[in-house]
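Hi,

Here is the structure I said I would pass on. Have a look at it first, and my notes follow below.

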Amino acid sequence: MKNWFCSVRIIYRRLRKNRLAVVGFWIIVAFIFTALFAPWIAPYDPSEQDLLASLEGPSVAHPMGVDFFGRDILSRVIWGTRVSLTIALMAVAISAIVGALLGSLAGFYGGILDEVIMRIMDVFLAIPSILLAIAIVAALGPRTSNLVFAVSLSTIPEFARIARSAVLVERSKEYIEAARAIGESRLSMLFRYALPNSLIPMVVQASLRMATAILSVSGLGFLGLGVQPPTPEWGTDLSLARTYLEIAPHAGIFPGIAIFLSVIGFNFLGDGLNEALNPRLKDR
Amino acid sequence: MNPIVQVEDLKKVFRTQNFGRVSKITAVEGVSFTIQRGETLGLIGESGSGKTTVGRMIVKLLNPSSGHIKLDGHDVTHLNEKAFKPFRKRFQIVFQDPYSSLNPRMTVLQLLSRPLSVFGIEKDRKKQRMKVIEVLHDVGLHEEHLNRYPHEFSGGQRQRVAVARALMTKPEFIVLDEPTSALDVSVQAQILNLLRQLKAAHNLTYLFISHDLGVIHYMCDRVLVMYMGEIVESAPTEELFTSPAHPYTRFLMESIPDPDPELTNEIDYVNKVKALQSTYGCNFLSRCDRALPNCFDRHPELVKLSSNHLVRCHNPLKEASVWKRDG
Amino acid sequence: MSSVSAKVLEIKDLQVRFDTEDGVVKAVEDVNLDLFSGEMLGVVGETGCGKSVTLQSVLRLLPTPPTRITRGQILFHGENLLDVSEERMNEIRGGKIAMIFQEPMTSLNPVFTIGEQMRDVIEQHRRVGKRKANSIAIRALIEVGLEDAEVVLSKYPHELSGGQRQRVMIAMALSCQPEILIADEPTTALDVSIQAQILAIIKHLRQTHNMSVLLVTHNLGVVAQTCDRVAVMYAGYVVEKGEKFGVLKAPLHPYTRGLLESIPRSRKVRELRSIPGSVPNLIDPPEGCRFHPRCSFATEVCKREVPILEEAKPGHFVACHHWRRLGY
Amino acid sequence: MGKLILMRVLLLIPVLLGVSIFIFLLMRLIPGDPAIIIAGENATPEMLQQIREEFALDKPLAIQYVTFMKNLLSGKVVSIKTRRPVFEELFPRFLNTIHLTLFSMAIAIPLGITLGILAAAHRNSLLDNFVMVLALLGVSMPVFWLGIILILVFAVQLGWLPSGGKEGFANLILPSLTIAFALTSMIARMARAMMVETLSKEYIRTAVAYGLPRRKVVYKYALKNVMIPIVTVIGLQFGYLLGGAVLTESVFGWPGIGRYIVDGIFSRDYSVVQVGIMFLSMVFVLVNLGVDVLYMLIDPKVRRDVSKA
């Protein structure tokens with residue numbers, strides 16, 4: 001544990017030097033805060049309709065304006081944070097865990113198991129990820145759980161590949177052989193030795209994948225295959241706003257900014273983590 | 001009494017895949033030897049000679065392609081991991097690189113108490129700790145090192161930890177696979193001395209693998225010389241260094257630059273470049289300056305020069321040694 | 001020989017620092033070395049003694065940042081290499097001072113043939129056409145014992161063995177007729193038998209081309225068998241230097257002596273004398289003499305004062321407060 | 001060499017088989033009578049019966065799959081809406097997508113590589129920082145949103161370019177710029193990362209130590225080492241490109257294959273979806289194969305080893 005704590009401190013110290021990573025970190029904190037306290041922050045009920053105000057531009061009462069149905073866009077963006085972050089987080093968590101397990105099993109045991117797992121991963125890699133998500137949602141219906149499933153399925157191969165190569169690198173190290181020499185069982189070697197040492201690339205990947213997951217969720221929403229109205233979701237709202245783009249551009253701009261900012265946050269942090277954790281860039 | 005290790009006609013073929021093309025490399029061929037209790041057997045050779053492969057096959061980190069391995073009289077060649085486990089306790093290995101042979105995420109206490117748990121020697125945490133401290137003292141480390149991680153140690157100290165781990169199960173035999181070649185000279189001397197002390201204190205038997213003739217000379221009772229997967233010479237240390245019979249052995253000795261500037265040796269730099277494995281004839285042929293016609297025809301067998309001196313050469317050397325360091 | 005021939009290279013009071021996250025590494029301290037025409041000087045020391053850093057500073061190869069050369073001069077025929085322009089430096093690199101490295105596996109570019117890499121270097125320094133460059137390359141390869149030179153030229157580095165690659169590196173150095181060859185652990189990655197050949201080539205070329213050679217190694221045997229003079233470095237300082245017979249047969253510094261006694265040579269020795277402890281961390285090195293925590297001769301003065309490098313015997317320098325107690 | 005390529009091609013078969021099984025099963029998961037799903041909701045009982053026979057829907061799943069594949073490969077699968085073979089409709093739309101992606105790649109690849117390499121060669125300079133921040137913004141920007149912004153500025157406000165459709169060259173500009181922005185950013189980031197790594201290699205130090213001028217070291221010695229992996233990585237981005245095309249086509253009303261598939265989903269035209277996704281996956285896999293072969297042709301390490309075999 002001390003070692004973990006120690007490395008977290010070192011990572012933090014390195015991260016702090018990377019300005020973009022710090023910016024990313026605070027953006028993410030702000031979004032998480034917004035998501036957690038949405039009911040208290042949002043000035044209006046996100047589905048409350050005031051048809052008289054339909055498509056009104058930004059004002060003091062509605063800083064981001066009003067959408068076609070007369071709903072406060074600011075409130076919808078705030079509530080949308082909750083929806084987008086939750087789906088993305090769940091999808092990334094599932095794919096990270098499943099991917100890590102599959103990849104490390106494949107890498108550690110090798111042979112037929114490796115072949116089978118990685119060929120299955122190849123199949124999912126062969127379908128461009130957004131198309132895969134589209135196909136799943138199209139077949140199973142645009143429910144939240146299906147969205148999570150769709151996004152995570154398209155990310156599992158990525159994680160599996162990273163876990164596999166990380167475990168392969170670890171497996172070739174002498175300390176794994178040394179573990180065998182003192183009679184450690186195979187599973188113990190995997191879970192006590194190989195896996196903990198390959199966590200770092202997984203963490204970097206998770207941060208970067210949060211960014212793509214948010215993009216996928218909102219992309220599906222934009223196509224009408226994501227979270228269904230009236231639930232507030234950035235991509236869905238953006239797609240709705242498209243019809244009135246010429247008369248009310250604000251309805252499309254603000255949800256877009258929300259997507260953009262959250263994705264930037266995770267990309268900045270992921271990049272920063274990568275630089276901070278990459279052993280190649282460490283000085284001896 | 002049984003010899004502690006007995007190896008018969010060991011062979012190891014590696015299959016490598018290079019862009020879909022499978023090729024076979026014979027790393028070890030026809031290797032037989034025995035190790036008696038209490039001795040230190042040296043295994044010397046250059047990179048690619050198969051010495052490390054032999055060491056790993058003895059403790060079953062690699063399985064031989066053919067041949068037999070007997071540990072304390074028991075044939076362990078075909079035992080599975082579970083059946084071999086009791087032997088793991090008695091037959092240990094220390095690796096070359098202390099930077100990579102210790103799990104970077106475990107403390108010394110965790111590293112050293114694992115063998116106790118795995119073999120069910122001691123389950124109680126407190127007693128485990130006591131035993132670990134005891135062994136740490138044996139290798140010249142202290143209680144204060146218990147909660148440190150490998151990266152907090154110098155190379156020499158790490159190798160002490162690695163040796164301590166091998167000692168935890170009170171083994172009878174340890175394979176030392178180039179245990180000092182990653183260390184600086186001044187630290188190497190500390191570790192070599194430590195290994196000699198431990199051997200005496202714990203009645204150990206060593207297989208000492210190295211490419212350094214000086215280290216082998218200092219550590220071993222008997223030496224095997226390997227070249228391209230085969231044993232080319234085998235003799236007691238003194239005899240090997242005073243009268244090497246195989247041209248390769250002599251060639252190795254001549255190649256070592258001596259730190260005494262007065263002991264010079266001149267090497268012909270143009271020749272003796274390529275090492276080719278010939279399908280027939282002697283493997284050393286392309287580098288040998290005393291080849292006879294029959295060296296081209298027949299692969300030499302390992303023959304006895306005397307009761308304990310074997311050589312694989314049609315035309316063994318008879319003149320006295322070139323090893324000047326004893327003077 | 002040093003009294004008659006001219007100084008070609010002089011390293012004066014060199015001090016080098018690395019900036020790292022954990023602090024500033026005091027890698028090289030007040031190093032003074034000189035190389036005379038036609039001689040071979042060996043710089044020996046263990047991991048982290050600053051030997052490679054010193055030599056890489058000569059050609060300004062260390063990346064800045066994190067490296068900083070904080071003091072000193074490197075004089076090549078009196079011209080301070082730390083001050084000259086990058087253009088002038090490029091004339092000197094390879095052309096006047098050539099360098100070969102420890103890892104022949106990674107020192108050659110994997111996507112160009114040997115021929116292309118050698119020709120580029122030759123064209124750069126000898127101002128000749130492609131064809132002439134080719135014949136110069138072939139001659140150089142033959143001279144280092146690669147008889148099938150034309151075949152070698154058409155090969156990629158991964159098609160050659162380690163020993164062959166190091167020969168190619170030496171041929172590349174040779175082909176520009178440099179005055180000085182810097183060899184940074186040229187044989188560490190190679191087997192002993194190949195090592196012997198490479199050293200023999202370097203010795204041979206030194207004689208036939210009258211090159212001065214600066215050889216960095218951790219192996220005292222290599223120095224004993226190839227060099228004229230030796231400088232021993234420890235933790236960033238030169239602790240002893242002089243003719244090799246003096247330094248290796250009658251060392252005056254406890255570290256040199258310990259190093260020599262640490263080398264396992266014979267079974268007849270009951271126990272090897274080793275130097276206790278290990279090399280210090282150069283971010284926070286010991287005060288005074290950096291060797292004092294490991295030294296059995298150390299006294300109070302060693303903990304306080306850095307010993308200066310003094311001429312103990314003609315041409316034999318040592319940096320130790322107590323060298324007289326060790327004298328032979 | 002030829003044998004090696006053949007082996008790669010053979011390795012594709014299980015992958016494509018896997019894709020087809022996956023898509024087949026996925027479509028079977030749709031709740032309801034598969035015959036109705038295939039024929040559409042307002043099909044007559046006779047039509048349904050005919051579909052059942054044609055697709056072997058009363059037979060076990062394995063036979064259904066085989067029949068489906070047979071129909072698929074012989075181009076007999078018809079669109080539910082238009083009753084025309086899907087392939088006939090799909091192909092011209094695929095060409096439109098290729099049109100769009102090629103045009104974007106023509107902008108993005110040279111621009112991205114140049115920017116990335118310049119940034120690496122002048123590491124930590126103003127240019128480097130600028131390019132890298134821009135690139136990070138580029139990969140973070142949702143394509144559909146960028147598309148909308150571009151429409152707002154160039155079509156709605158300025159009126160310079162059309163906001164959608166496919167009448168002429170002018171229509172191509174906005175959608176390809178949208179894709180190119182993201183793609184350029186991605187390539188620039190990769191190129192920079194690889195160049196920075198290459199410049200720290202020992203063989204680069206050798207080139208410097210032998211007095212080769214920096215220009216030559218960077219743009220000859222390092223560049224060739226970088227170009228080889230870059231080709232592969234760009235190939236891997238092709239899938240991303242096709243995905244991005246789905247959204248971009250949707251924004252700009254570009255009649256490409258992506259939009260065709262999405263339209264198919266909304267009109268519950270599942271044959272279109274199945275065939276469309278199968279087809280795109282195949283293209284993706286084939287492009288990667290092409291990149292692999294290209295890689296073998298340019299990397300001396302692979303080329304030589306293989307020809308010696």
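In chain C, helix H10 (residues 254-262) lies across two strands, S9 (229-234) and S10 (237-243), and runs at about 100° to S9(C). Keep in mind that this is a predicted model.

Those two strands belong to an open sheet of eight in chain C, with mixed pairing and the order S6-S7-S8-S3-S9-S10-S12-S11. S6 (97-100) and S11 (310-313) of chain C are at the edges with a single partner strand each, so one side of each has no neighbour in the sheet. From one strand to the next, the twist averages 20°. At the S11 edge, S11(C) runs antiparallel to S12 (residues 316-318) of chain C, and three bridges join them. If you want a spot to zoom in on, C:Lys313 sits opposite C:His316 in S12(C).

Now for chains D and A. The contact takes in 42 residues of chain D and 42 residues of chain A. About 3700 Å² is buried between them, and carbon and sulfur atoms give 82% of that. On the chain D side, D:Phe22, D:Phe144 and D:Trp145 supply 16% of the area that chain D buries against chain A, more than any other three residues. The count of salt bridges between these chains is one: the side chains of D:Arg189 and A:Asp271 meet at 3.0 Å, N to O.

Last, a helix in chain A. H9 (residues 186-197) has twelve residues, which at 1.5 Å a residue should span 16 Å, and its end C-alpha atoms are indeed 16 Å apart. Its buried residues include A:Met189, A:Leu190 and A:Tyr193.

Cheers

Definitions and conventions: Residues numbered from 1 in each chain as written. Chains lettered and ligands numbered in written order. Predicted model: local features only at pLDDT ≥ 70, side-chain atom pairs only at ≥ 80, totals over all residues. Heavy atoms only, no water. Helix = DSSP H or I, 4+ residues; strand = E, 2+ residues; numbered from the N terminus. Expected span 1.5 Å × (residues − 1). Buried < 20%, exposed > 50% of the residue type's maximum accessible area, 1.4 Å probe, protein only. Pairing = 2+ DSSP bridges. Axes fitted to C-alpha atoms, helices over the stretch in contact; angles between N-to-C directions. Contact = heavy atoms within 4.5 Å. Buried area = accessible area lost by both parts, 1.4 Å probe. Salt bridge = Lys/Arg side-chain N within 4 Å of Asp/Glu carboxyl O.
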